[in-house]
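Visitor: I am new to protein models. Could you show me one and explain the reasoning behind each label?

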Amino acid sequence: MKTFKLFTFLIILLVSSVEFVKANNEQPRGIDLDSNAFGIPAKQLGFNNQSCFTLLFWINIKEFNHAKTGTHFVNIRDISQGQPMSDWGYMWSDIRSNNGENEFTVEIRAGSNGYISEELTSPSVKINSPEWRHISFVFDIKSNYENKPIRDITLFIDGIPSYNVNSHYTLYSWYSNYIVMIGGYAYNSSPLNAYVDKVQFYNRALTQTEVQASMYEPLLNDESLLGYWDFENGCTTDTEGYMMADKGTIKATMYNILQTEEGFSNGTEIKPFTFAEGVNPESVLQGVEEHVAEVSNTRAYASNGVLYIENAEGVNTVTVYDAMGRVITSGTYNSSSVQIQLPATLKGVAMVKVNNEVVKVICE
């Protein structure tokens, strides 16, 4: 009987191991917000109003249910504080419909009685449903203006800087009760109905090059990486419902935003994580099955709209993909070096497949 139980246990363990590998290599998973918010409590960060940080994640919006002021996106606020700070706070952003197109609006609070608000109409940041997009919010402190620090926020879409807003006014106070949230309900705004995957949080402002590199893999050896959640393994929560980062020292959870009868946010309750199909950054490059080589035989770089490729063994075939895996150009060659004119619209990370090798190139 003991032998049978042990044999059965080994079979279960083997099946679990197979499913474990399959989930990671073939079926990456993320989380389903389901109108809740993925939140990182600020009390564990030790920040103040001049701290620099970066929030990055992949997102696939299932559908838009815009309310009066749109759909609540990324926000930093103390929901226990009561109106109006419980619905706005240190920083907030919305997705709004503009003539049938879904566009971002980013707002930051400056001083105790005002905020900076700008409408975003650039076509580069329109977002559709459903599609996986990589989002990065970089919070930086720029040089002083009249002896006052300037809070600067840059929104990156698929590694490309799409929007920037900054404040020359006195920075609003930073509270330990803040929660850095993706989604969630706010007054007159719909909660975000989306899948989220591969969340990263750094305690400094990443450069554009670093943002673009993090689309495909987090900066795991960077001490500023406070938390990385890929939701594949180790997704265990403590007794309070908080999930420790797979890499880093901080934790996060899922929040349901409670409401008053008037519709203002009024506290939170922790909800269980719901897992769903995620995104594998490698799979974003449609048709590129080879992994990026650690030791490359190919030298490739872009300058002034021209892609330069060198390979001592010869360049036979070249295919250029943008960050979303779309083919930009391709061709066959018979030379040790090639120059290819790139479209002016190609910015950010591009993947170049030379023969059977893939290399990353930054197009500026």
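Visitor: Which backbone nitrogen does the side chain of S190 reach?

Guide: First, a caution: this is a predicted model. In this model the side chain of S190 reaches the backbone nitrogen of A67, at 3.0 Å. A polar contact needs N or O atoms within 3.5 Å. The S190 distance of 3.0 Å therefore meets that limit.

Visitor: Why is S190 called buried?

Guide: Its relative accessibility is 8%. Buried means under 20%, so S190 qualifies. S190 sits in the loop between strand 11 (179-183) and strand 12. Leaving out residues up to four places away in sequence, S190 touches N65, H66, A67, G70, T71, H72 and G184.

Visitor: What makes Q341 exposed?

Guide: Q341 has a relative accessible area of 59%. Exposed means over 50%, so the label follows. Q341 belongs to strand 21 (residues 327-341).

Visitor: Which residues is Q341 in contact with, leaving aside its neighbours within four places in sequence?

Guide: G305 and V306. Q341 and G305 are 36 residues apart in sequence, and their C-alpha atoms are 6.2 Å apart in space. A polar atom of the Q341 side chain also lies 3.1 Å from the backbone oxygen of G305.

Visitor: Now the charges. How many salt bridges does the structure hold?

Guide: Seven. Side chains of opposite charge can pair when their charged atoms come close. One of the seven joins E210 and R204.

Visitor: How do you know that E210 forms a salt bridge with R204?

Guide: Their closest N and O atoms are 2.8 Å apart. The cut-off is 4 Å, so the pair counts. R204 is partly exposed, since 24% is between the 20% and 50% limits.

Visitor: What salt bridge do the side chains of E217 and K360 form, N to O?

Guide: E217 and K360 meet at 4.0 Å, N to O. The rule says within 4 Å, so this pair is counted as well. E217 lies in the loop between helix 2 (208-214) and strand 13 (225-229), and K360 in strand 23 (residues 357-363), so the pair ties together parts that are 143 residues apart in sequence. K360 is partly exposed, at 34% relative accessibility.

Visitor: How far apart are the closest N and O atoms of R299 and E310?

Guide: They are 3.8 Å apart, and the two residues form a salt bridge. This pair links distant parts of the chain: R299 is in strand 19 (residues 298-303) and E310 in strand 20 (residues 306-321), 11 residues apart. R299 is partly exposed at 47%, and E310 is partly exposed at 38%. Elsewhere, salt bridges with shared partners join R204, E210 and D222 into one network.

Visitor: What about cysteines? How many disulfides are there?

Guide: Zero. A disulfide is a covalent bond between the sulfur atoms of two cysteines. Cysteines can still be described one by one. C363 is buried, because its 5% is under 20%. C52 is partly exposed, because its 22% is in between 20% and 50%.

Visitor: And the rings? How many aromatic pairs does the count come to?

Guide: The count comes to 19 aromatic pairs. F47 and F201 form a pair, with 6.2 Å from centre to centre.

Visitor: Why is the pair of F47 and F201 called stacked?

Guide: The angle between their planes is 25°. Stacked means under 30 degrees, so the word fits. The pair links distant parts of the chain: F47 is in the loop between strand 2 and strand 3 (53-61), and F201 is in strand 12 (residues 194-202), 154 residues apart. F47 is buried at 14%, and F201 is buried at 0%. Both belong to one aromatic cluster with F53, Y90, F139, W174, Y175 and Y178.

Visitor: Where in the chain is confidence lowest, and where is it highest?

Guide: Lowest in helix 1 (residues 2-25), with a mean pLDDT of 39. Highest in strand 2 (residues 37-41), at 98. Residues 110-124 have pLDDT below 50, though the model gives this stretch 37 contacts beyond near neighbours in sequence. Residues 286-292 also stay under 50. Where pLDDT is low, the predicted coordinates should not be read in detail. For the chain, the mean pLDDT is 79, and 74% of residues reach 70 or more.

Conventions: Residues are numbered from 1 along each chain as its sequence is written. This is a predicted model: local features need pLDDT of at least 70, side-chain atom pairs count only at pLDDT 80 or more; totals for chains, interfaces and linings use all residues. Side-chain values use heavy atoms; hydrogens and water are left out. A disulfide is a pair of cysteine sulfur atoms within 2.5 Å. Buried means under 20% relative accessible area, exposed over 50%, partly exposed in between (1.4 Å probe, protein chains only). Helices (H or I, at least four residues) and strands (E, at least two) are DSSP runs, numbered from the N terminus. Contact means heavy atoms within 4.5 Å. A polar contact is a pair of N or O atoms within 3.5 Å; within protein, one must be able to donate a hydrogen and the other to accept it, and residues adjacent in sequence count only if both atoms are side-chain atoms. pLDDT is the predictor's confidence in each residue, from 0 to 100. Rings of Phe, Tyr and Trp (its six-membered ring) pair if their centres lie within 6.5 Å; planes under 30 degrees apart count as stacked, over 60 as edge-to-face and the rest as tilted.
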